[in-house]
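Thanks for coming. I have one structure to go through, and I will keep to a few local features.

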Amino acid sequence: MSVGFSETTVEIIELPTIPDNIPYAFDDCSLAFSLGFRNKVMWHMIENWKAMYKVHRIPKKIGYRIIHEPNEMMMLLLQQLHVRYLIPLQNELGDHVTAYRKGLSCRHAVLQHIPPCEICDKAGDKTPKGHDCPRKGLYVHMDLKDFFSSTSRAMIRSYFVNLGYNHDVASLLANLLTVTDFPNPNYKQQKKLAPKGVWVPEIFSGVPQGSPASGAICNLVADKLIDCPIMNYLERKNKEYGLEGHRKWVYTRYCDDLCFTCGRTFTLEETEQFIADITSIVHQTGYRINKDKTRRSHGYYGRRLLGTIFNQKPNIPAMEYRNVRAITHNCLVHGFDSQAEKAGKENGGALQTWLRGKINYMNQINPYKGAKLLAEFNVAVKRHKEGVNA
């Protein structure tokens, strides 16, 4: 028998609806548990985040590229967050997002912008005159400015709130995925080049380059804020111009590279209006378009995307292929150390790492040319290890 209680009340709490493929977290303890960490340790990393990262400044043409390298503990936590929270969400993204996703590459992005055409495929390099090929339509390439640092803590928190997490958990996730209160080393250069009235932050904040989770969270936020509005806009354009099949607008985003193709030709005024509309959509989200990198063309005029050239099929630019082939051959004959200075690298090891990455990338774009380079490179590496080279 209970003493001192005359009434019993029951309060029903509505639990948030969170997707089944990601962990259920409703407070800091459950979030830390889902990541495999003690709550105390997670809070320590949040409150002392500056001690969790080593900052590198890499010179660019203008200013510096800031790389935040997480220490061993922070790296482990971010890897867990990436695997348990972000990868399942990325798996649900459409094919238009091809960066930082397993099984997809820049080749997948390029191939989406080469519509099938039986007439051109049968004719080979000699396309019949007067043929209205969908591959001759409009091509527009645009670039997002400061993609990682522009993905703010507020954007990430809002993204997780929309998924169903409460504000506390969403804020904690946003804190783990971003860095703040770091002086912007590019402030003077950006301030000097910025148009009148455009605000330039003196403090660097946003998603850090160097984190294993950065690419995924930027993909997810940008898909919500940029990709969905753009694809809705393109769908309206398809209806406006009556575009069907392979004539429709195609859109892909590889990290900060936005690419648009359409099987229809447009006037100069229509093209510039299209670019202005896309720029307006992007700027409304808080991101910015780098106008200096915007390109447009019709027909078979040097379409370039992600280091490839594509018209009828994706390929490696001829000059770039010849340069890499020459470096690889010289390394085979004379060794990596002797070619490091000529290639602008610190030593033979740095040249070998750079050359391997370059050849592997070319192998993705053109397996026939890439396989020949890779075979020659592997022989050069073997000789270098055996000490045959001078």
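Strand E11, residues 308-310, pairs with E12 in the antiparallel sense, over 2 bridges. One residue pair to look at is Ile309, whose bridge partner in E12 is Asn315. Keep in mind that this is a predicted model.

These strands belong to an open sheet of 3 strands, ordered E10-E11-E12, with antiparallel pairing. Which are the edge strands? They are E10, 304-305, and E12, 314-315, and each of them pairs on one side only. As background, the strands of a sheet pair through backbone hydrogen bonds, either parallel or antiparallel.

Now the helices. H2 covers residues 39-47 and H9 covers residues 167-177; their axes come within 9 Å and cross at roughly 55 degrees. That angle makes H2 oblique to H9. The handedness of the H2 and H9 crossing is left-handed.

Which residues meet there? From H2 we have Met42, Trp43 and Ile46, and from H9 Leu172, Asn175 and Leu176. Sorted by class, the contact of H2 with H9 has 5 nonpolar residues, 1 polar and no charged ones.

Last item: Asp28, which is found in helix H1, residues 28-34. Is Asp28 buried, partly exposed or exposed? Its relative accessible area is 22%, so Asp28 is partly exposed; the cut-off for buried is under 20%. Leaving aside neighbours within four places in sequence, Asp28 is in contact with Asn39, Met42, Trp43 and Leu172. Of these, Met42 and Trp43 in H2 and Leu172 in H9 also appear where H2 meets H9. Finally, Asp28 and Val169 are 141 residues apart in sequence, while their C-alpha atoms are 6.5 Å apart in space.

Definitions and conventions
Residues are numbered from 1 along each chain as its sequence is written. This is a predicted model: local features need pLDDT of at least 70, side-chain atom pairs count only at pLDDT 80 or more; totals for chains, interfaces and linings use all residues. Side-chain values use heavy atoms; hydrogens and water are left out. Axes are lines fitted to C-alpha atoms, for helices over the stretch in contact, and angles run from 0 to 180 degrees between N-to-C directions. Helices (H or I, at least four residues) and strands (E, at least two) are DSSP runs, numbered from the N terminus. Angles under 35 degrees count as roughly parallel, over 145 as roughly antiparallel, 65 to 115 as roughly perpendicular and the rest as oblique. A crossing is left-handed if the near helix is turned anticlockwise from the far one by less than a right angle, and right-handed if clockwise. Contact means heavy atoms within 4.5 Å. Ala, Val, Leu, Ile, Met, Phe, Trp, Tyr, Cys and Pro count as nonpolar, Asp, Glu, Lys and Arg as charged, and the others, Gly among them, as polar. Two strands pair if DSSP finds at least two bridges between them. Buried means under 20% relative accessible area, exposed over 50%, partly exposed in between (1.4 Å probe, protein chains only).
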